[in-house]
Amino acid sequence: MPDWSPDGSKIAFTTKKEDNLVISDINGQVLSSIEPAFKVRPSDLRTRMSEIRWEPSGNRLAFIYNGKLYMVNVDGSNLRALEFQGFDEDIRINSFAWAPSGNRFVFRSTYKAGEICSYHIDYLLGPRPLPCIQGYHLFTSNIDGSKLKRITSDPEYRKSELHWI
């Protein structure tokens, strides 16, 4: 999904063929094309870039790639994955938003959320299996991965964009 820069002068998006992160001006002139070191096969749709978001200052971009959150400077330098300090387990990210200050993220993850199942009487008495969906928790962290904090007490299911307001 494309995203406008905070000042409205640029737009960031991915190309389908190369899976590059492209920054262009509002006239379509490509200003930079960032080719991640972790290129994937064009047929592997599960590992595409998604959720591209500008940092509020306009100096960096963040995006999700294969369940991990990456940040990169707009000139293509300093590409790095968000690593959570003190966690050995894989924390997969589904959606995220920058804090207005640009120093924190809020994100949705399946980490320790489990499944949410319907226990309606029709399913409990019938021959069908319980309908279940993946649960999600909301978390915040600093952009360096420190101070990870779960902010939801119960898992919930939401497939939508997050916004820090």
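**Strand pairing in a predicted model**

In the hairpin formed by E3 and E4, four residues lie between the strands, and Gly 28 adopts a positive phi near 95 degrees. The model is a predicted one, and this hairpin serves as the starting point for the description that follows.

The two strands of the hairpin, E3 and E4 (residues 30-34), run antiparallel and are joined by four bridges. One residue pair illustrates the register: Leu 21 has Ile 34 in E4 as its bridge partner. Strand E3 also pairs with strand E2 (residues 10-14), again in antiparallel fashion, here through five bridges. Between E2 and E3, Lys 10 is matched with Asp 25 of E3 as its bridge partner.

The surroundings of strand E3 may be considered next. Strand E3 (residues 21-25) has four of its five residues buried, that is, under 20% relative accessible area; strand E3 is therefore largely enclosed by the rest of the structure.

Further along the chain there is an open sheet of four strands, arranged in the order E5-E6-E7-E8 with antiparallel pairing. Strands E5 (49-54) and E8 (80-81) occupy the edges of this sheet, and each has a single partner strand, so one side of each is left without a neighbour in the sheet. In general, strands of a sheet pair through backbone hydrogen bonds, in either a parallel or an antiparallel manner.

For edge strand E5, the partner may be described in detail. Strands E5 and E6 (residues 60-65) run antiparallel, with four bridges joining them. Within this pairing, Ser 50 has Ile 64 of E6 as its bridge partner.

Methods: Residues are numbered from 1 along each chain as its sequence is written. This is a predicted model: local features need pLDDT of at least 70, side-chain atom pairs count only at pLDDT 80 or more; totals for chains, interfaces and linings use all residues. Side-chain values use heavy atoms; hydrogens and water are left out. Two strands pair if DSSP finds at least two bridges between them. Buried means under 20% relative accessible area, exposed over 50%, partly exposed in between (1.4 Å probe, protein chains only).
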